[in-house]
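This briefing is meant to be read with the sequence and the structure side by side. It takes up strand pairing, and then charged side chains.

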Amino acid sequence: MIRVPSPAKLNLFLHITGRRANGYHELQTIFQLIDLYDWMTFENLSEEIIQIEGIAEVQLEQNLIYRAAQLLRPHAKKPCGLKILIEKNIPMGAGLGGGSSNAATTLIVLNQLWECGLNETQLAEYGVQLGADVPVFIYGRNAWAEGIGEHLSFIDLDQKQFIILKPDCFISTQLLFSQKTLTRDSKITKFCAYQLEPSSFGNNFEPLARQLYPEVEEAMQYLDQFGLAKLTGTGACVFTEVTSEMDTKKILQNAPCKAYLVNSLVESPLRHFKVTR
């Protein structure tokens, strides 16, 4: 039995810089890994089947964990059946990358457990078939991302704490992308510009999320009393950086919805994962 953490991420900003002919959007963002974890347990089964427990809301064939396993199966030198149990702490549909992280964790663990012999680059290429932010969890490092999110430049970020609020709503990414008022032509920028003035870097989805989802607006207004509130991904979670003047305990206690205090990670705890036999 193998039990491993599967970390979440924040988008410290998110700009859409263009649109490809196939409809995919070009973007720029920073992925910051954080110590909010799902826990995944992998247990051998005698039958060569995949069982997944802990996410009843998602059908097996649509589950990114199941799809990740199916991608690796042709490479398996020692395939086996598996029961995969998810202890879900990362809220779903929140912009924290929980599903993508679970898929990446599955690729990393099964690559070793099944003796597939793939390297990080190969795993990341499979990962992007499952989701644009799966590769950053494969590499397990904070990154400046471009393209659809798969072109990564690894960066060093200062260690920080963040307060995250999860409004009680589920945001439709498709709905946000379909809005005619969505800004799709943000100016292409550089990491050094972000370092000089991070507060000027926002999230193109934020105005729409605030307008369409009153719960997001309420959470943003609440956090804006204490710092600069930002949306992560397409939401619904919003966050702010913790400063020394903040009474974090009081902010968390009085929050209008589920609240988390998290730490930034320098790298994923899976970065040096090894299966012991």
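In this predicted model, strand 2 (residues 25-45) is largely enclosed by the rest of the structure, because 15 of its 21 residues are buried. The points below take up the strands that pair with strand 2 and then the salt bridges, among them one made by Asp38 of strand 2.

**Pairing of strand 2**

- Strand 1 (residues 2-19) runs antiparallel to strand 2, and 15 bridges join the two; within this pairing, Ile2 is found opposite Phe42 of strand 2.
- The two strands form a hairpin in which 5 residues lie between strand 1 and strand 2, and in the turn Gly23 has a positive phi of about 95°.
- Strand 4 (residues 81-87) also pairs with strand 2 in the antiparallel sense, here over 7 bridges, and Gly81 of strand 4 stands opposite Leu45.
- With strand 5 (residues 143-146), strand 2 makes an antiparallel pairing over 3 bridges, in which Ile30 stands opposite Trp144 of strand 5.

**Salt bridges of Arg20**

- Arg20 forms a salt bridge with Glu26, with the closest N and O atoms 2.6 Å apart; Arg20 is partly exposed at a relative accessible area of 28%, and Glu26 is likewise partly exposed, at 26%.
- Arg20 also meets Glu150 in a salt bridge, at 4.0 Å from N to O, and this pair links distant parts of the chain, since Arg20 is in the loop between strand 1 and strand 2 whereas Glu150 is in the loop between strand 5 and strand 6 (151-154), 130 residues apart.
- Glu150 counts as partly exposed, because its relative accessibility of 22% is not under the 20% that marks a buried residue and not over the 50% that marks an exposed one.

**The Asp38 salt bridge and the wider set**

- Asp38 forms a salt bridge with Lys88, the closest N and O atoms being 2.5 Å apart; Asp38 lies in strand 2 and Lys88 in the loop between strand 4 and helix 2 (98-113), so the pair ties together parts that are 50 residues apart in sequence.
- Asp38 is buried, with a relative accessible area of 0%, whereas Lys88 is partly exposed, with a value of 26%.
- Glu206, Arg210, Glu217 and Asp224 are joined into one network by salt bridges that share partners.
- Over the whole structure, a search finds 12 salt bridges.

Definitions and conventions. Residues numbered from 1 in each chain as written. Predicted model: local features only at pLDDT ≥ 70, side-chain atom pairs only at ≥ 80, totals over all residues. Heavy atoms only, no water. Buried < 20%, exposed > 50% of the residue type's maximum accessible area, 1.4 Å probe, protein only. Helix = DSSP H or I, 4+ residues; strand = E, 2+ residues; numbered from the N terminus. Pairing = 2+ DSSP bridges. Salt bridge = Lys/Arg side-chain N within 4 Å of Asp/Glu carboxyl O.
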